[in-house]
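Biologist: I've got the sequence and the picture open. Could you walk me through what the model shows, one question at a time?

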Amino acid sequence: MKKFNIALLLALIGLWAVSLPGVAFSADIPVSATVPTQSPEVTIAIKELTSPGQDPGTSGTPVLEMNFNPLTHLLDGGADAGVWYSQKYFCVFIYTSSWGNRYEVKSSCAGFSNGLGNSLPAGSVGFVPGYIGADRWIGDDILSAQDNDDDPPGDLGTPGPAITGGVDVFKSIYVSEPEATNRILRAFYSIPPFETGGALAFPDQTPIPLNQPGGSYTGTVTITISAL
Amino acid sequence: MKISYHDFWRQRAELAFIAFMLFGLLISVSCQAADVVQVQPAKTRLIIAPGDSRAGTIIVSNPEKEAKNVKAYLEDWKYLPPYDGTKDFKPASTTELSATNWISFVPSEFTIPAYGTQTINYRIKVPPDASGGHYAVLFFENYLGEQTQSTEGVRINLAVRVAALFYIEPKGTINRKVQIDDLKFERRNNKDYITANFINAGNVDYTVKSNFFIIDKQGMVYARGDFNDVYTFPQDVAVLKSSWKENVPRGKYDLVLTMDIGTALKEADLGEIPVITKEAQIEIGEDGGIIRIGELK
């Protein structure tokens with residue numbers, strides 16, 4: 001009975017102490033959290049552009065595909081370009097989210113065929129990666145630009161043909177820096193004529209010749225994002 | 001300049017209209033933007049005994065309000081020079097260290113409802129005679145918009161794919177070995193540069209973080225720096241590069257290289273590997289050039 005009374009007394013003291021304001025007890029509570037290793041991801045938006053040098057950040061028509069129709073061989077002044085080309089071109093905006101992973105973004109394209117055994121020349125579709133610091137985030141953060149520097153912290157790819165000779169050969173769009181900051185990237189796709197004086201519009205350009213068999217040519221550009 | 005009451009409100013109305021149009025433009029862009037699927041985890045590194053198998057899952061999420069049709073498929077991958085982590089993706093089972101034949105998964109085509117997830121169940125069966133690291137990537141691909149055929153001219157469909165990388169180490173067969181050679185110093189524009197070849201002489205991939213310091217006999221540090229991170233497969237040779245501004249005066253020093261080749265294992269919570277330390281005696285001349293480099297030990 002005496003033991004019971006002592007136990008009861010201790011329990012009451014314990015309850016009283018707990019209920020006292022200002023009397024604190026501390027205990028280590030094991031807490032753990034695992035941050036998921038989620039893959040880097042992208043959000044994609046395409047703008048159709050029609051004027052040379054047009055800024056897709058402030059103009060252009062949002063679309064979900066790149067339809068270059070109609071092709072023409074006549075330049076604005078009426079002269080013959082000597083090749084088929086499109087006055088439309090497209091900017092693919094790539095909004096990256098790294099989730100803490102260094103990442104790379106690539107473009108690949110196996111080519112364009114009309115289903116009748118004819119293909120476009122490998123250098124007919126141009127690819128130009130780009131980056132503008134003033135490009136703005138979309139969604140909740142709609143009004144904030146990424147920064148004021150047009151030189152991104154990672155490595156931007158180089159212009160060339162979009163057709164890479166096979167789905168597993170790639171053109172680099174961007175490789176992130178070690179800090180893996182999120183970026184808004186641009187990738188332009190075009191079917192241009194030669195520049196004035198016959199200069200190439202992009203390295204290794206081979207425009208569509210006028211004797212290209214007619215028909216509808218379709219291909220797929222694949223954007224790949226991967227952790228380093 | 002005075003502005004009339006009428007002009008003031010007309011300007012306000014014009015500004016409001018421009019702001020409304022700009023907002024509308026931005027909204028229209030955001031409406032046309034499409035998120036691709038999210039994949040978790042981005043990397044899967046497993047140690048499995050030859051002859052054994054292991055099952056696991058990958059979660060694919062759709063962050064959008066529209067359902068997504070997703071196609072999953074395996075390919076090979078390897079690191080590209082200059083071994084900064086960029087990868088070359090190859091058709092399945094076409095590279096020497098391919099693990100694509102070891103991996104099976106379901107489902108390979110599926111539709112994820114709006115804001116939904118899809119669990120991919122995979123099984124990796126390591127052949128009894130497997131040796132050394134093997135690699136694969138599971139891509140999750142979906143198209144932006146509908147895939148359509150052009151009626152005339154040229155049309156491009158846009159596909160976007162996200163990679164889930166596999167690194168598989170057959171247990172008991174891994175040999176981790178590195179070599180460092182072609183150590184060079186150079187002084188250009190009053191700045192000192194150090195380079196060395198990092199050779200992956202083992203049979204598994206390394207993600208390498210490394211640094212160096214130059215000390216004299218009294219332990220005084222004259223230069224230190226981090227090398228670029230390198231990512232290598234077996235037999236790859238990457239160049240470690242670093243630089244520092246304060247010129248090291250003429251004299252004899254010890255060069256200490258420290259390399260952590262266990263970064264990837266640590267990230268995967270698969271244990272740690274002791275950091276590799278190599279030392280060499282060096283003698284620096286008046287012009288910052290190396291007069292003598294001893295053997296790296």
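Modeller: Sure. One definition to start with: two residues are in contact if their C-beta atoms, placed from the backbone, lie within 7 Å. Also keep in mind that this is a predicted model.

Biologist: Then let's use that straight away. Which residues does Ile156(B) touch, leaving out residues up to four places away in sequence?

Modeller: Find Ile156(B) in strand S11 of chain B. Leaving out residues up to four places away in sequence, the contacts of Ile156(B) are Glu65(A), Met66(A), Tyr189(A), Gly219(A) and Val221(A).

Biologist: Is Ile156(B) buried or exposed?

Modeller: Count the other C-beta atoms within 10 Å of Ile156(B) and you get 23. The cut-off for a buried residue is 20 or more. So Ile156(B) comes out as buried.

Biologist: How far apart in space are Ile156(B) and Arg188(B), C-alpha to C-alpha?

Modeller: In sequence, 32 residues separate Ile156(B) and Arg188(B). In space, C-alpha to C-alpha, the two are apart by 48 Å.

Biologist: Let's zoom out to the interface. Which element gives the largest share of the side of chain A that touches chain B?

Modeller: The contact involves 47 residues of chain A and 43 residues of chain B. On the chain A side, the elements giving two or more residues are strand S1 (41–49), strand S3 (66–67) and strand S14 (216–227). By class, that side of chain A has 27 nonpolar, 15 polar and 5 charged residues. The largest share, 12 residues, comes from S14(A).

Biologist: Which residue stands opposite Thr43(A) in S1(B)?

Modeller: Here a strand of one chain pairs with a strand of the other: S1(A) and strand S1 (residues 34–35) of chain B run antiparallel, joined by 2 bridges. Opposite Thr43(A) in S1(B) stands Asp35(B).

Biologist: Now chain B by itself. How far apart are the C-alpha centres of domain 1 and domain 2 of chain B?

Modeller: The domain assignment splits chain B into domain 1 (38–146 + 157–170) and domain 2 (178–293). Their contact takes 14 residues from domain 1 and 15 residues from domain 2. On the domain 1 side, strand S3 (43–48), strand S5 (68–79) and strand S11 (153–170) of chain B each give two or more residues. As for the C-alpha centres of the two domains, they lie apart by 34 Å.

Biologist: Which residue is the bridge partner of Glu283(B) in S20(B)?

Modeller: Start with strand S18 (residues 251–260) of chain B, which runs antiparallel to strand S19 (residues 276–284) of chain B, with 9 bridges between them. S19(B) also pairs with strand S20 (residues 290–293) of chain B, in the antiparallel sense over 3 bridges. The hairpin of S19(B) and S20(B) has 5 residues between the strands, and Gly288(B) there takes a positive phi near 90°. In S20(B), the partner of Glu283(B) is Arg292(B).

Biologist: Any odd backbone? What is omega for the peptide bond from Gln40(B) to Pro41(B)?

Modeller: Most peptide bonds are trans. Pro41(B) is in the loop between strand S2 (38–40) and S3 of chain B. The bond from Gln40(B) to Pro41(B) is cis, with omega near 5°.

Biologist: And what is the phi of Asp182(B)?

Modeller: Most residues other than glycine have a negative phi. Asp182(B) lies in strand S12 (residues 178–188) of chain B and is exposed, with 11 other C-beta atoms within 10 Å. Though not a glycine, Asp182(B) has a positive phi of about 55°.

Biologist: Last one. Which element of chain B has the lowest mean pLDDT?

Modeller: Chain B has a mean pLDDT of 86, and 87% of its residues reach 70 or more. Over residues 16–31 of chain B, however, pLDDT stays under 50. Where pLDDT is low, the predicted coordinates should not be read in detail. The element with the lowest mean pLDDT, 46, is helix H1 (residues 5–32) of chain B.

Definitions and conventions:
Residues are numbered from 1 along each chain as its sequence is written. Chains are lettered from A and ligands numbered from 1 in the order in which they are written. This is a predicted model: local features need pLDDT of at least 70, side-chain atom pairs count only at pLDDT 80 or more; totals for chains, interfaces and linings use all residues. Two strands pair if DSSP finds at least two bridges between them. Helices (H or I, at least four residues) and strands (E, at least two) are DSSP runs, numbered from the N terminus. Domain bounds come from an automatic or database domain assignment. Ala, Val, Leu, Ile, Met, Phe, Trp, Tyr, Cys and Pro count as nonpolar, Asp, Glu, Lys and Arg as charged, and the others, Gly among them, as polar. pLDDT is the predictor's confidence in each residue, from 0 to 100. A residue is buried if 20 or more other C-beta atoms lie within 10 Å of its own, exposed if 12 or fewer, and partly exposed in between; C-beta atoms are placed from the backbone.
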